[in-house]
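Q: I am new to this structure and should like to learn how its features are read. Where might we begin?
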Amino acid sequence: MEGVDHLAHERNKAQFDVDEMKIVWAGSRHAFELSDRISRLAFSKDNRTMLDRKELFKNTLRKAAYAWKRIIELRLNEEEASMLRSFVDEPSFTDLHWGMFVPAIKGQGTDEQQQKWLALAYKVQIIGCYAQTELGHGSNVQGLETTATFDPKTDEFVIHSPTLTSSKWWPGGLGKVSTHAVVYARLITDGQDHGVHGFIVQLRSLDDHLPLPGITIGDIGMKFGNGAYNTMDNGVLRFDNVRIPRNQMLMRVSQVTREGKYVHSSVPRQLVYGTMVYVRQVIVSDASIALSRAVCIATRYSSVRRQFGSHNGGLETQVIDYKTQQARLFPLLASAYAFRFAGEWLKWLYTDVTQRLQAGDFSTLPEAHACTAGLKSLTTSATADGIEECRKLCGGHGYLCSSGLPELFAVYVPACTYEGDNVVLLLQVGRHLMKTISQLGSGYKPVGTTAYMARVEQLMEYHSDVQKAEDWLKPNVVLEAFEARAVRMSVACAQNLRKFTNPEEGFQELSADLVEAAVAHIQLIVVSKFIEKLQQDIPGWGVKQQLEVLCSIYALFLLHKHLGDFLSIGCINPKQGSLANEQLRSLYSQVRPNAIALVDTFNYTDHYLGSILGRYDGNVYPKLYEEAWKDPLNDSLVPDGFLQYIQPMLKQQLRNARL
């Protein structure tokens with residue numbers, strides 16, 4: 001079989017040790033190996049795109065329950081359990097239970113509340129979700145309408161949905177599974193509104209799972225894609241004066257006393273942001289995994305697929321050898337690695353910020369909040385677009401569900417909206433940049449990822465001294481160009497804002513410019529973290545060399561894509577831009593012999609990848625043909641409905657037709 005032999009030949013081209021690169025990539029492969037040993041059959045997803053909604057949902061419940069059973073039996077720790085759950089590889093109620101409900105209680109609950117509720121949650125004696133978004137409000141959390149009014153007579157909060165738009169809408173796990181939720185509502189005491197706070201609310205009976213009195217709850221319906229997020233019971237929830245004990249308000253940061261007095265605790269409110277940083281760093285890491293899966297499929301298939309270029313009856317050209325294919329595919333491969341390293345750095349940042357907050361040091365919090373918001377936005381948007389590009393790179397076969405790409409896209413694309421709409425998040429970054437610029441003249445020293453702005457005068461005068469294409473391989477040359485671009489775009493926005501007497505009017509009018517400045521800043525962060533990774537101890541000379549090539553591809557691709565920015569602000573000239581593009585083409589040629597080995601580094605099993613086009617052995621065409629016959633439409637030679645609809649058409653006499 002040509003495909004099998006062909007990919008084996010491609011692997012023999014590798015100029016580096018794949019196992020050494022796996023050490024650099026690290027991460028989820030342990031889960032794949034562990035889960036393959038446990039039971040591939042239990043996690044089967046071969047027919048998921050053909051199941052109806054109820055079967056699809058029930059099948060995911062089965063997988064989640066099986067994963068939990070094995071976690072208990074194998075006595076896995078928290079990290080190992082998380083990796084095993086990931087092998088379910090379908091959106092499930094467990095995602096919100098572990099990813100939002102538990103962290104919310106950890107971050108916002110008192111020691112006593114954590115002791116009580118986390119003990120139940122860790123043993124899955126209760127199942128929780130995160131009920132924040134409403135039918136009428138998502139990104140604007142301060143606009144939420146659900147109320148929690150304190151009743152001093154009974155020492156209870158009354159949770160209520162005063163309007164249709166105050167209905168909780170979208171929380172995963174809510175529709176059919178969750179027994180409890182962290183509900184965000186406007187805290188009202190003695191007629192005074194204290195803003196949005198979190199409350200632990202029981203939704204369903206622990207005996208018969210029926211909704212408790214005053215609670216209307218259900219699923220919001222089918223979503224984009226075949227299986228995709230339809231495995232998840234995203235829900236709608238309304239409260240009709242539901243009473244909960246006062247101590248079910250999450251009170252780590254602020255409390256309501258027995259007398260109904262609203263007070264702040266000695267714990268700084270900023271600690272709440274630690275949970276947000278944690279969630280967003282997970283999202284960035286997930287972006288890398290999703291994009292690398294798509295790139296793995298597209299790269300393997302591009303090596304198997306041959307089109308045109310045949311001479312004298314010989315083999316046609318491998319699609320991956322076309323420069324247009326390389327120019328679309330290899331930047332996505334580089335992006336997957338870049339996002340991986342950005343995610344690793346965010347894990348460090350989360351630990352650092354948490355330690356600082358606990359010590360009462362809030363100096364890095366605004367910057368950390370801004371960069372995590374920006375990285376969440378940048379990586380999820382690029383990944384969603386990248387998965388769709390990989391589908392197109394696979395031609396017509398990429399449109400088949402058996403390619404794995406349509407489902408991967410449909411599952412991933414909601415990440416552009418949840419945990420903050422991506423444009424709204426970039427506007428938050430833009431505001432932070434404007435504040436940083438405004439403080440420079442007062443002796444303020446920028447920290448962390450904005451530290452480069454301390455050199456604003458130097459960067460405003462910067463002009464690249466690139467003379468030849470190879471100069472663009474120097475990390476300092478690339479970094480300075482990206483720093484100058486980011487500074488000048490931010491300064492330009494700040495200067496234009498000063499023209500408005502009303503700052504908010506200025507922010508509204510210049511919002512598109514602020515988004516572009518934010519993107520420039522966040523792209524600089526990703527490039528700089530990739531470069532920092534290269535300065536670490538990396539096993540194997542060949543591995544380091546390939547990472548340097550990927551880093552340069554990522555940076556120069558961005559420079560090419562945003563060339564107008566670099567040229568218009570004057571940090572490089574057209575000739576230097578042309579040299580960067582020349583070097584980029586050369587880098588694609590350097591990646592080509594290693595392309596299959598670089599995606600093999602991800603170590604995704606065929607079962608996890610779920611793609612015929614991305615099979616490790618390259619045996620694509622026989623498997624596509626075999627898969628086609630599994631479709632239910634092929635159960636019979638004559639389709640259902642033929643006698644009722646098609647045969648009458650074939651037999652009718654069109655005496656009066658004008659055809």
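A: We may begin with a residue in the interior of this predicted model: Phe602 is buried, with a relative accessible area of 1%.

Q: Why does Tyr337 count as buried or exposed?
A: The reasoning rests on a cut-off: buried means under 20% relative accessible area. Tyr337 has 0% relative accessibility and therefore counts as buried.

Q: How many aromatic pairs does a search of the whole structure find?
A: The search finds 21 aromatic pairs. In one of them, Tyr337 and Phe602 are tilted, with 5.7 Å from centre to centre and 45° between the planes. This pair links distant parts of the chain, 265 residues apart. Tyr337 belongs to helix H9 (residues 323-358), while Phe602 lies in the loop between helix H20 (595-600) and helix H21 (606-609).

Q: Why is the pair of Phe482 and Phe566 described by its planes?
A: Planes over 60 degrees apart count as edge-to-face. The planes of Phe482 and Phe566 stand at 70°, with the ring centres 5.2 Å apart, so the pair is edge-to-face. Phe482 in helix H14 (residues 475-497) and Phe566 in helix H18 (residues 563-568) are 84 residues apart, and their pair also links distant parts of the chain. Both Phe482 and Phe566 are buried.

Q: Which residues form one aromatic cluster?
A: Among the members of the cluster are Trp25, Phe43, Tyr66, Phe87, Tyr337, Phe341 and Phe602.

Q: Where does the charged end of Arg11 sit?
A: The charged end of Arg11 sits over the ring of Tyr616, 3.5 Å from the ring centre. Likewise, the charged end of Arg431 sits over the ring of Phe507, 4.1 Å from the centre of that ring.

Q: What is the order of the strands in the open sheet?
A: The sheet has 3 strands in the order S4-S8-S7, and the pairing is antiparallel. Strand S4 (168-169) and strand S7 (215-219) each have a single partner strand, so they stand at the edges with one side lacking a neighbour in the sheet. S4 pairs with strand S8 (residues 235-239) over 2 bridges, and Lys168 has Leu237 in S8 as its bridge partner.

Q: How is empty space found, and what is the volume of the second largest pocket?
A: Rolling a probe the size of a water molecule over the atoms shows where space is left empty. The second largest pocket has a volume of about 510 Å³. Of its 21 lining residues, Ser381, Ala382, Asp385, Phe557 and Lys561 are the closest to the centre. The largest share of the lining, 7 residues, comes from H10. By class, the lining has 11 nonpolar, 6 polar and 4 charged residues.

How values were computed: Residues are numbered from 1 along each chain as its sequence is written. This is a predicted model: local features need pLDDT of at least 70, side-chain atom pairs count only at pLDDT 80 or more; totals for chains, interfaces and linings use all residues. Side-chain values use heavy atoms; hydrogens and water are left out. Rings of Phe, Tyr and Trp (its six-membered ring) pair if their centres lie within 6.5 Å; planes under 30 degrees apart count as stacked, over 60 as edge-to-face and the rest as tilted. Helices (H or I, at least four residues) and strands (E, at least two) are DSSP runs, numbered from the N terminus. Buried means under 20% relative accessible area, exposed over 50%, partly exposed in between (1.4 Å probe, protein chains only). A charge sits over a ring if NZ of Lys or CZ of Arg is within 6 Å of the ring centre and within 35 degrees of the ring normal. Two strands pair if DSSP finds at least two bridges between them. On a 1 Å grid over the protein atoms alone, a cavity is a set of points where a 1.4 Å probe fits but cannot get out, and a pocket is an open set with protein on both sides within 12 Å along at least five of seven lines; lining residues have an atom within 4 Å of a point. Grid points are joined across faces, edges and corners, and a volume is the space filled by probe spheres set on the points. Ala, Val, Leu, Ile, Met, Phe, Trp, Tyr, Cys and Pro count as nonpolar, Asp, Glu, Lys and Arg as charged, and the others, Gly among them, as polar.
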